[in-house]
Amino acid sequence: MTNLRLANPEIATLDVDAVVIGVVSNDSDIGLAPGAESVDRAFGGELAAVLAGLGATGDRGEITKVPTFGKLAAPIVVAVGVGSDAGSGDVEALRRAAGAALRALAGAGSVAVALPATTADDVTAVAAGALLGNYSYLNYRTGNGHKQPVADVTVISDADAGDALHRAEVLAQSVTLVRDLVNTPPSDLSPEILAETAEQVGTDAGLSVQVLDEKALVEGGYGGIAGVGQGSVNPPRLVRLAYSHPEATCTVAYVGKGITFDSGGLSLKPADSMDWMKSDMGGAAAVLGALKAIARLTPKVNVIGYLAIAENMPSGTAQRPSDVITVYGGKTVEVLNTDAEGRLVMADAIVRAGEDDPDLIVDVATLTGAQLVALGTRTAGVMANDDTVRERVVAAAGRAGEAAWPMPLPEELRKGLDSTVADIANISGERWGGMLTAGVFLKEFVPEGVRWAHLDIAGPAFHRGEPYGYTPKGGTGAAVRTLVQIAEDVAADGL
Ligand code: BES
Ligand code: MN
Ligand code: ZN
């Protein structure tokens, strides 16, 4: 774990391996971002000229390293491009700049980050961006050839920071937990292990935790989770985590999709769609991470988390296309495609969440490839049975620094899910709008009168491209910060 601290802006004598400053791009020129003043003084006011000479443009994420030759105690200055509007309260720009700088500094021991941080929110952003960029998943690397994350990060600011660093640490540690879980090979993260991990994390955080095993799931009537899990030698689980606040007036339920590996089942996926399906538990991991963070931030709201966990595998015991299952609560579903498994496990858990009498249910799932077609790899789709709730969830995501966009649940899509034998089918005859169809399916299982939002994070949960800002390759920790923000918003403003 990274040590994080705050120090005031006299950086010349700071004993660190590198000092990070910001470079702003103006029209044809570059400038130093606020926060770099004392470093610039050590360079006789010539630092911008030195950077320009090295070809720095100030483009977002650009890294330029400058040796200090004793001008500072730190041997190098790392200039990170912050774009054209730095210092204008764009906290996401601060997070990304700090994250890009820390990624470039992997292997260093100690780093001071002197980006424009004039408010407590800025300090949180710089610290969180630095911690999130300072991530690498080394659990399966052997030998010494792999750069370790930076051990000590100092955020430079004279802001009245209050608990700004603590907040950054809480958020980053939960995101890190989710990234680690998503990155873990599925052979080492079976449903049992994911449930045990959730139980451990939940208990350590002071949450109350219950786990249903495969026997309890069958006896309890959880036909969705049991049905999806029945083809695997690794049996399914349903985890319930509860956080409560004595002065809470609202209860929010989070439901996460926890498919530890999605082969597609008998409706087998092609190989190039399968290799990233270890990320199909990203929703459940996000719910776990959010509950852990919420337990540490103690907002005045009750929050209950459900993790619907199974491994989707083909075998002689697997469910067959055309099987009919009975979801928790009694509705029947014809399973026409075993690869549309997420909605089956989510249906069980959404119905179960309704029994807690929540004022709001938010579910998070790597649910459809169609989410990637519609919104690309980085932007989550947000659907809801209430316009205000949808807007509030999208706004919460924006403030948390996560890309999300409102999507409709067109009524006419329900007809495509009509089954010839059961109450509903799990896939539609309609080819277009697959993300929305999945949302329309889930809506059928939301208890009457309960407000509900659905986040499809199929793309955002797992990053296959080159790292950028504070986002590494692999598990991203998507939706954790949004779920925390929603809980805090409900605590502050009700519903
Ligand atoms: N886990 C997948 C969705 C997914 C795709 C997540 C790509 C992340 C990246 C889900 O279980 C799935 O297979 N959905 C099917 C549904 C279809 C059969 C109606 C899909 O999107 O192809
Ligand atoms: Mn699937
Ligand atoms: Zn899936």
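1. Asp 357 sits in the loop between α11 and β14 (360-365). In this predicted model, the phi angle of Asp 357 is near 55°, a positive value in a residue that is not glycine. Asp 357 is exposed, with 65% relative accessible area.

2. Phe 69 can be read alongside. Its phi is near 45°, again positive in a residue other than glycine. Phe 69 belongs to the loop between β4 (63-67) and β5 (76-83). With a relative accessible area of 72%, Phe 69 counts as exposed, because the cut-off for that class is over 50%.

3. Next, the manganese ion. Ligand 2, the manganese ion, is coordinated by Asp 262 (OD), Asp 339 (O), Asp 339 (OD) and Glu 341 (OE), at 2.0 to 2.2 Å. Asp 339 thus appears with both a backbone O and a side-chain OD in the donor list. Along the chain the donors follow the spacing D-x76-D-x1-E. Which geometry do the six donor atoms around the manganese ion make? Their angles run from 70 to 168°, so the arrangement is classed as irregular.

4. The zinc ion (ligand 3) has as protein donors Lys 257 (NZ), Asp 262 (OD), Asp 280 (OD) and Glu 341 (OE), at 2.0 to 2.4 Å. The six donor atoms around the zinc ion subtend angles of 78 to 171°, and the arrangement is therefore octahedral. The spacing of the zinc donor residues in sequence is K-x4-D-x17-D-x60-E. Lys 257 lies in strand β10 (residues 251-262), while Glu 341 is in the loop between β13 (332-335) and α11 (342-354), so this pair ties together parts 84 residues apart in sequence.

5. The two metal sites are linked. Asp 262 bridges the manganese ion (ligand 2) and the zinc ion (ligand 3), and the two ions lie 3.2 Å apart. Glu 341 is listed through OE for the manganese ion and through OE for the zinc ion.

6. Are the metal-binding residues buried or exposed? Glu 341 is buried, at 0% relative accessible area, and Lys 257 is buried at 1%. Asp 339 is partly exposed, with a relative accessible area of 22%; the class follows because buried requires under 20%.

7. Ligand 1 is surrounded by 17 residues, the closest being Lys 269, Asp 280, Asp 339, Glu 341 and Gly 369. Among these, Asp 339 and Glu 341 also serve as donors to the manganese ion, and Asp 280 is a donor to the zinc ion.

8. Polar distances to ligand 1 are as follows. An oxygen atom of ligand 1 is 2.7 Å from a side-chain N or O atom of Lys 269. An oxygen atom of the ligand lies 2.9 Å from a side-chain N or O atom of Asp 262, the residue that bridges the two metal ions. A nitrogen atom of ligand 1 is 3.5 Å from a polar backbone atom of Leu 367. Taken alone, ligand 1 exposes 520 Å², of which the protein buries 80%.

9. Gln 371 is part of helix α12 (residues 369-375) and is buried, with 0% relative accessible area. Leaving aside neighbours within four places in sequence, its contacts are Gly 376, Thr 379, Ala 380, Gly 381, Met 435, Asp 456, Ile 457, Ala 458, Gly 459 and Pro 460. Gln 371 and Asp 456 are 85 residues apart in sequence, with their C-alpha atoms 6.6 Å apart in space.

10. Gln 319 lies in the loop between β11 (302-312) and β12 (323-326). How much relative accessible area does Gln 319 have? The value is 4%, so Gln 319 is buried. Beyond neighbours within four places in sequence, Gln 319 is in contact with Gly 227, Val 228, Gln 230, Leu 266, Ile 325, Val 335, Thr 338 and Leu 344.

11. Gln 148 is placed in the loop between α4 (120-133) and β7 (152-156). Gln 148 counts as partly exposed at 49% relative accessibility, because exposed means over 50%. Apart from neighbours within four places in sequence, Gln 148 is in contact with Ala 106, Gly 107 and Leu 138. Gln 148 and Leu 51 are 97 residues apart in sequence and 28 Å apart in space, C-alpha to C-alpha.

Notes:
Residues are numbered from 1 along each chain as its sequence is written. Chains are lettered from A and ligands numbered from 1 in the order in which they are written. Side-chain values use heavy atoms; hydrogens and water are left out. Helices (H or I, at least four residues) and strands (E, at least two) are DSSP runs, numbered from the N terminus. Buried means under 20% relative accessible area, exposed over 50%, partly exposed in between (1.4 Å probe, protein chains only). Contact means heavy atoms within 4.5 Å. Donors are N, O and S atoms within 2.8 Å of the metal (3.2 Å for Na, K and Ca); water is not among the atoms, so sites may look incomplete. Four donors count as tetrahedral if all angles lie between 85 and 135 degrees; four count as square planar and six as octahedral if opposite donors are over 155 degrees apart and all others between 65 and 115; anything else is irregular. A residue is near a molecule or strand if one of its heavy atoms lies within 4 Å of it. A polar contact is a pair of N or O atoms within 3.5 Å; within protein, one must be able to donate a hydrogen and the other to accept it, and residues adjacent in sequence count only if both atoms are side-chain atoms. Accessible areas come from the Shrake-Rupley method with a 1.4 Å probe; for residues, only the protein chains shown count as cover.
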